Structure formats: structure tokens, C-alpha cells
Amino acid sequence: TGQKPDTIATDARVYPNTISYRDMKDKIFRLLLFVAALLVLVLSAAIVYALVSRSSEAFQEYGIRGFIANAEWDPRSATEEYGALSFIVGTLYTAFFALMLCIPFALSVALFNGVYFKGKKISDVVRSVVDLLAGIPSIVYGLWGFYTVRPLIIDLGVNAQGFGIFLSSVVLAIMIIPYASSLSSEFLSMVPNNLREGAYSLGATRLEVVRHINLPMAASGIVASFILALGRALGETMAVTMLIGNTNRIPAGLRDTGNTMASVIANQFGEADGLKLSALIAIGLLLFIITAIINLIAKLVMKKLSHA
């Protein structure tokens with residue numbers, strides 16, 4: 001028995017049953033992973049097929065370009081006409097303004113938890129509160145925005161009723177702050193300590209370390225965090241439906257009311273049939289495409305930042 005223990009343990013001639021059992025477990029595990037990945041692809045393809053097939057009537061009636069560029073939404077049977085432009089503008093307007101409001105607050109919370117007070121009790125308390133905010137249902141945010149934020153908007157003189165792009169964007173920004181701040185904090189905390197300690201040894205201040213070490217090293221992860229938050233804002237339904245005003249026109253500004261792609265589907269899908277139903281499903285398909293494009297752009301930005 002002059003062989004080494006590790007050689008004996010890995011020699012198929014000595015323990016053939018053990019080796020074959022390990023190979024079998026590895027093959028089964030790889031098969032399960034393959035099936036899971038394939039299932040995700042099949043589900044994605046099924047969603048796209050269902051949306052495309054059910055929306056074909058609207059695209060055949062108006063054409064893809066005509067449906068996207070048309071801002072009219074008239075469900076009356078005598079003058080039935082449907083277009084998605086006003087809802088696309090309302091969705092992008094609301095989501096991107098909410099993201100702009102979210103960025104400074106979410107980044108501040110991330111720096112608080114991931115850099116300045118990392119590992120301290122106050123950071124654990126803030127993390128717990130942020131996680132709690134992330135778990136609150138969107139309809140609760142909608143009720144809070146309706147009864148608490150809307151009166152403040154009226155008192156500020158934004159508009160007479162309080163509803164509109166501004167109100168829904170403010171509530172959306174509060175909703176997506178936990179997502180962006182939690183992930184950004186994790187990426188900031190993963191910056192190697194030796195880089196920070198090296199900067200401190202050269203005389204750098206805390207602010208200089210954050211600006212030149214923490215933020216550049218975690219830039220790709222922070223971008224991913226905010227893109228994820230933007231995706232949440234694009235698809236938000238209940239809170240926006242309760243606060244945006246639900247008018248089928250292109251919003252002229254933050255004080256104006258409007259509709260998003262998700263809110264118009266939520267409001268009118270239950271009573272829709274025929275061409276109107278196909279138009280609503282077409283709006284859902286466009287929302288799917290917009291979200292996919294934004295995710296693709298995010299991956300390209302992340303890839304570029306990670307190689308910078």
C-alpha cells in the first residue's frame with residue numbers, strides 16, 4: 001500500500017463504485033441545472049409568443065409604427081382608435097423622474113451603511129428599516145401617497161387635485177430607494193480593504209477614499225442597482241394607478257396628469273375585448289421590450305465600467 005491517501009481515494013481501480021457514484025451525482029446535478037436553464041428560456045419564449053400573438057390584431061389595424069406614434073386612445077365604438085404614445089411618454093416620464101429623485105438618497109444610504117458606518121449598530125438598524133420599506137406592498141404606498149403626500153402636493157400649489165406625474169414620481173422614488181440602496185451598499189462593502197488602507201496610508205481623507213476608491217471600484221454594481229430600481233419603477237402598477245390621475249393624454253409636465261403603460265392595462269383590461277383588448281396586450285408587449293432594452297443597456301454599461 002505504498003500509494004498516498006489522496007491517490008487511493010481518487011483511483012477508480014481501487015474504489016470503482018465510489019467514483020461511479022460521484023460521477024452519477026455530478027451528471028444528475030448538471031442535468032438539473034440544464035433543465036432549469038432551459039425552463040427559463042421556454043417560459044420567456046412562451047411569454048413573448050403569447051404577447052405577440054394576442055397583440056397582432058392591433059398591429060395589423062394600425063401598423064407597428066402607427067400604433068407607437070399615435071397618441072389617441074378613444075374606446076368609443078363609433079370612433080374607436082388606439083395608440084400607445086401617451087402611455088409610453090407617461091411611463092418614461094414617471095420612471096426616470098423617480099430615478100433622478102432616488103439616486104441622491106439611495107447613494108447616501110448606501111455610503112452610510114457600506115462605508116461610513118459599516119459594521120456598527122446604527123448601520124444594522126438602518127438596514128432593517130430599509131429592508132422593511134422594500135417589503136411593503138405597493139398598494140400600501142399608494143394609500144399613503146393618496147392620504148399623506150397628495151395633501152402636501154396640494155398645499156405646495158403643484159396642482160389643484162394633487163394627482164399627476166409629480167405625485168406618482170415622488171412615491172415611486174420612495175418605493176425604489178430600498179432596492180437601489182441595499183444593493184449599492186453591498187457592492188460598496190465588497191471593495192477590498194487593502195485598497196482603502198493603502199489610500200489612507202498615503203494621507204487620503206475619508207471623502208477622497210470614497211471618491212477615488214470606493215465609488216470607482218463599485219461603479220458597475222451601483223449602476224446595476226439603479227437599473228434594477230428603474231425596472232421596478234417602469235413596471236409599477238397599483239401605486240401609480242392610484243396617484244397619476246389616469247388621463248389618456250401626453251403629460252405636458254410634472255404638474256399634469258397622465259397614464260402609464262401598466263396603469264392603463266390595470267384600469268381597462270377587465271372590461272376590454274376585441275380590438276381594445278389586443279391594443280392593451282400590445283402595450284404590454286411594448287413595456288416588455290422597453291424593459292429588455294433598458295436591461296441590455298445596463299449590461300453594456302456595466303461591462304464597460306468593469307473593464308475601465
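Let me begin with a definition: I will call a residue buried when its relative accessible area is under 20%, exposed when that area is over 50%, and partly exposed in between, with a 1.4 Å probe and protein chains only. What we are looking at is a predicted model, in which local features need pLDDT of at least 70 and side-chain atom pairs count only at pLDDT 80 or more, while totals for chains, interfaces and linings use all residues. Residues are numbered from 1 along each chain as its sequence is written, and side-chain values use heavy atoms, with hydrogens and water left out.

I will start with the charged pairs. A salt bridge here is a side-chain nitrogen of Lys or Arg within 4 Å of a carboxyl oxygen of Asp or Glu, and by that rule the count comes to five. Asp74 and Arg76 form one of them, at 2.9 Å from N to O; Asp74 is buried, at 14% relative accessible area, whereas Arg76 is exposed, at 57%. Arg249 and Asp256 form another, at 3.0 Å from N to O, and here Arg249 is partly exposed at 40%, while Asp256 is buried at 17%. In the pair of Glu271 and Lys276 the N to O distance is 3.7 Å, with Glu271 exposed at 59% and Lys276 buried at 9%.

Lys276 brings us to Gln268. Taking contact to mean heavy atoms within 4.5 Å, and leaving aside neighbours within four places in sequence, Gln268 is in contact with Trp73, Asn248, Lys276 and Leu280. Gln268 belongs to helix 12, residues 261-268, where helices are DSSP runs of H or I with at least four residues, strands are runs of E with at least two, and both are numbered from the N terminus. Gln268 counts as buried because its relative accessibility is 11%.

Next, the loop between helix 11, residues 238-243, and helix 12, which is where Ile250 sits. Ile250 is partly exposed, at 36% relative accessibility, and, with neighbours within four places in sequence again set aside, Ile250 touches Ala71, Leu85, Ser86, Val89 and Asp256. Asp256 we have already met as the salt-bridge partner of Arg249. Asn246 is placed in that loop between helix 11 and helix 12 as well, and Asn246 has a positive phi of about 55 degrees although it is not a glycine. With a relative accessibility of 31%, Asn246 counts as partly exposed.

Let me turn to helix 10. This helix covers residues 219-235, 17 residues in total, and reaches 25 Å from its first C-alpha to its last, close to the 24 Å expected at 1.5 Å a residue; the expected span is 1.5 Å times one less than the number of residues. Its buried residues include Phe226, Leu230, Ala233 and Leu234. From Ala233, the C-alpha of Ile250 is 19 Å away, with the two positions 17 residues apart along the chain.

Which residues line the largest cavity? The lining is made of Gly90, Thr91, Thr94, Ala95, Leu172, Ala233, Leu234, Glu236, Val240, Thr260 and Ala262. A cavity, on a 1 Å grid over the protein atoms alone, is a set of points where a 1.4 Å probe fits but cannot get out, and lining residues have an atom within 4 Å of a point. The search of the whole structure finds one cavity of 30 Å³ or more, and the largest holds about 50 Å³ of space, where grid points are joined across faces, edges and corners and the volume is the space filled by probe spheres set on the points. Helix 4, residues 85-116, and helix 10 each supply at least two lining residues, and the largest share, four residues, comes from helix 4. By type, the lining divides into six nonpolar, four polar and one charged residue, with Ala, Val, Leu, Ile, Met, Phe, Trp, Tyr, Cys and Pro counted as nonpolar, Asp, Glu, Lys and Arg as charged, and the others, Gly among them, as polar.

Finally, two exposed positions. Tyr147, in helix 6, residues 138-156, is exposed at 60% relative accessibility, and its C-alpha is separated by 27 Å from that of Arg127, 20 residues apart along the chain. Glu197, in helix 8, residues 193-201, is exposed at 51%, and Glu197 and Thr79 are 118 residues apart in sequence and 70 Å apart in space, C-alpha to C-alpha.

Notes. On a 1 Å grid over the protein atoms alone, a cavity is a set of points where a 1.4 Å probe fits but cannot get out, and a pocket is an open set with protein on both sides within 12 Å along at least five of seven lines; lining residues have an atom within 4 Å of a point.
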